[in-house]
Structure formats: C-alpha cells, structure tokens
Amino acid sequence: GLRLDRSGLNRHGRASEERVMEELPSFTVSQREQFLVENDVFGIYNYFDASDIFTQKYMLEIQRDKQLDYLMKGLRQLGPQFSSLDANRPWLCYWILHSIALLGESVDDELENNAIDFLVRCQGSDGGYGGGPGQLPHLATTYAAVNALVTLSGHKALSSIDREKMSCFLRRMKDKSGGFRMHDMGEMDVRACYTAISIASILNILDDELTQGLGDYILSCQTYEGGIGGEPGSEAHGGYTYCGLAAMILINEVNRLNLDSLMNWAVHRQGVEMGFQGRTNKLVDGCYTFWQAAPCVLLQRLYSTNDHEVHGSSHISQGTDKDHEEHHAHDEDDLEDSDDDDSDEDNDEDSANGDGIHHTSNYINRRVQPIFDSLGLQRYVLLCSKIPDGGFRDKPRKPRDFYHTCYCLSGLSVAQHAWLKDEDTPPLTRDILGSYSNLLEPVHLLHNIVMDQYNEAIEFFFRAA
C-alpha cells in the first residue's frame, strides 16, 4: 500500500503527486482526498522549512494591507457571481465587517452609514432580519445582522435594532420541545438554538421563557463521540458543537453536558496538517480554525473555573511556558521579531532564571497551556489558508471567500490568545507565529465579536433595558 512519508513525500514537488495518483486507485475516495490534501499541505510546509529566513518571514506575514483591500472592495461592491448569496447578504456584511475589526480597523463614515441603512431595510416589520430587504426573517441572518451592527458600534447602529419586536420574533421561533426553529415553520436545530440565545444575550432580552427546555434539547444532540450534532441522532459536527456549547454556557446549563467526552472529541479534530476538521474522518478546513478552537478554549476555561484537576486527566498534559518555548524552538530562533517594542512583554524585570517568563504570581495565574497546538494551527492558517493577495480559503487549491476569511481570522485570534485565561491579557511574543504585528484583536468566544465592540454593546443594551 501507499505510505505517506510527510518528511519526504513532497521533496520533489509535483513529481511526488504523480506517484501518489498512480497508486491511489486502490484506495477509497476519502483516502485519496486525504492523501492529496496532505501532499499539498506538507509540500507547502517543506518549502517553508527549506526557505531562507526572509522568505519565511514573508510567508508568515498576515499582509494586513492586502487583506483590508480585499475586504473593503467586497463591502463596497460584489460582482454578479455573488447573486446566489442574495439571501445571505447580512452574512456578507458580518463576515467582512468582523474581519476588518479583527485587523484592528474600521470602515469610513460612508460605508458605515450604507451598511446600517441596508441592514435596517432587512429588518422585518414583526421583528428579525431577512437575507435582504423584503425577505423572510430568519434566525441565521438575524444573528448575522445583529453581530454586524454590534461590530459597526455607535448609537446609530445599535439603536437601529428593535429590541421589542426582536423579543416577539424569538418567541415565535421557540418550539414547545424547547428548541428553536430557524424561521416560521422552518427546521429546528442547534444552530437555531445558539443564534436565538446569542441574540437575546447581547440585546439583554434573555429570559426564562426563551431558555425553558432548551438545555434538554441541546443535551439530546450530544453524540456518543462527545461532540454535538445538528439535531438528535445526527453526527457530531464542529459548527454545531460550538453552537451547542456556547448556548449551554449562555443559559448556565453547560455542566449538564458530558464535558470530558466533548473535550476529547474536540481536541482530536486537529489533524496531522495542524488545522481542524469538522467531523471524524473528514478533510481539514480553515473555517474550523474557529469552530473547533473556540470550544477547546471555552472548555479549558470551564475546567479552570470549576476547579477541575484537568492537568491530571488523560486528555490534557501538564505543560508550562518552558515546554511551549522548547517545542517551537525552531520557529522562535528563526522568526522572533527583534523589535524592542514587540518583545517588551518577554523582558519583564521580574522574570527569573533568564527564561523570559513573567514570574509574578498575578501573570502566571493568567496563563495556561492550550489543549490544542496553537502555533501549529496558526501555521496552517498562515501558510495554507492565507491568499497572498488577500483573503483566506478552506485549504490549498480552493478559492478564497469572505466566509473562510472571517472564520480563519477569528480562529487565528483564538489561537493567538489561547494561552490566556481571559481576553484582557495580552499574548506574549512566543504565542504569535511570525511577527508580533500579526496579532489580531481578541474576540468574545461566545459571540465571535471583537471584545471592544461587545463591551460597548453590552453597556448600551443594559441602559436600554
């Protein structure tokens, strides 16, 4: 049979791929696809490892200007090839605006007003937001519209959301089983449950009527693998696992889930490519950089909060900053930014033994080893998902799109901040693959909104109550 030697398979470029194709007919479709993806990914990794330091630094740069150019052009005007996404226009607004916010930037006044005015026209007369003006209100596009308006921030954006009608809309979507339907007479699944609760939580309209029976429904969707499926009896899936876990945290029922099993399933979705897959035996996909990494961090923080002895369990190894430093010594030696401003955090005057680690008890207590390979995940995103001219993609050979750009950047932010117990502590230089200028804004893990905008919205809607 064919054996993929990841240290040498791609040494000769496409010649190795030809050999793979000759030997693959005896394998299943899934095996062939997996082998070809590994061939592409490790070809990129081998090229990177063999390159000089200047090429490596360039390959790891996030290319902010090109990312922003791609995003701003998309927000201003999309071509006719996007007509199939006419019912997803609030999603396009959210994907693009959130990506811009992650990069620490904002749109100009004209774009901001245009986006707000468009989303207002998507708001239904009886609450909720449709995929476009005059379209049927839908929980998915309502979630996207609310997140987009929260990301735009400011009084005009936030006050444009009709909270009273939104509350009525969410109650109409509530099913007697405890779950939610995506739209009037629509499907009921974990995605609907999460989007409804996320919206209600941000807008400060969450109450017992909305949460009644919800935990029972989500619990019925946790599978024998440990992950969460879209509905009872469905296969565990990264997107639904994020939605189910986040919803259960928001309604304070997360401890009803089998958290050990869930964590075990989630961490094992990070494959040899160092990216995440969405389901067992599926291909790596850049979007799961967020959908799978966020649950890993959420679970780890839950264990920490609940005083679980996680470091003694079978699925979390005892780790320290020193292990982190040694494991990635090659990247640290070759690629650490020498800029004094970028390395201040590693040179605290209170550090001991010359290892560059902050030894003040306050700082140590705010760091924890991630349960997934955070630098490996950043490596996959920056080398395999990033497009040099702007945008991110699922995997090599796939085209860029705004969806994958949003969730690759979101997951990259999660990975960069994964060593921290909260979103308020800045990462160390060693936590960031490549230059420290790659650092993205932190996100609220339960809503995937940049923290500054989330905090502004929470204060605004607290006063509005």
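How do the axes of helix α20 and helix α21 cross, and within what distance do they come? In this predicted model, the axes of α20 (residues 374–385) and α21 (residues 402–416) come within 9 Å and cross at roughly 150°. Angles over 145 degrees count as roughly antiparallel, so that is the label for α20 relative to α21. The crossing of α20 past α21 is left-handed. If you want to see who does the touching, look at S374, L377, Q378, V381, L382 and S385 on the α20 side. Across from them, α21 offers C408, L412, A415 and Q416.

Now let's head to the interior. The largest nonpolar core has 133 residues, and L139, M166, L170 and F180 are those with the most contacts inside it. L139 is a good place to stop for a moment. Leaving aside residues up to four places away in sequence, L139 touches F169, L170, M173, F180, R181, M182, A192, T195, A196 and I199.

One name in that list, A196, is worth following. A196 sits in helix α10, which spans residues 190–203, and has a relative accessible area of just 2%, so it is buried. With residues up to four places away in sequence set aside, A196 touches L139, L170 and F180. Those three are also among the residues with the most contacts inside the largest core. As for M166, it is 30 residues from A196 in sequence and 9.9 Å away in space, C-alpha to C-alpha.

What about the cysteines? The structure holds zero disulfides. Take C122: its closest cysteine sulfur belongs to C93, and at 7.2 Å that is too far for a bond, because a disulfide needs the two sulfur atoms within 2.5 Å. C122 is buried, with a relative accessibility of 2%. The story repeats at C243, where the closest cysteine sulfur, in C193, is 9.2 Å away and so too far for a bond. C243 is buried too, at 7% relative accessible area.

Finally, a couple of backbone oddities in loops. Q63 has a positive phi, near 60°, though it isn't a glycine. You'll find Q63 in the loop between α3 (53–60) and α4 (64–76). N281 is another residue other than glycine with a positive phi, this one near 65°, and its place is the loop between α14 (259–267) and α15 (288–291). Which of the two is buried and which exposed? Q63 has 16% relative accessibility, so it counts as buried, whereas N281, at 67%, is exposed.

Terms used. Residues numbered from 1 in each chain as written. Predicted model: local features only at pLDDT ≥ 70, side-chain atom pairs only at ≥ 80, totals over all residues. Heavy atoms only, no water. Helix = DSSP H or I, 4+ residues; strand = E, 2+ residues; numbered from the N terminus. Buried < 20%, exposed > 50% of the residue type's maximum accessible area, 1.4 Å probe, protein only. Contact = heavy atoms within 4.5 Å. Core = buried A, V, L, I, M, F, W, Y, C linked by side-chain atoms within 4.5 Å. Axes fitted to C-alpha atoms, helices over the stretch in contact; angles between N-to-C directions. Parallel < 35°, antiparallel > 145°, perpendicular 65-115°, else oblique. Left-handed = near helix turned anticlockwise from the far one by under 90°.
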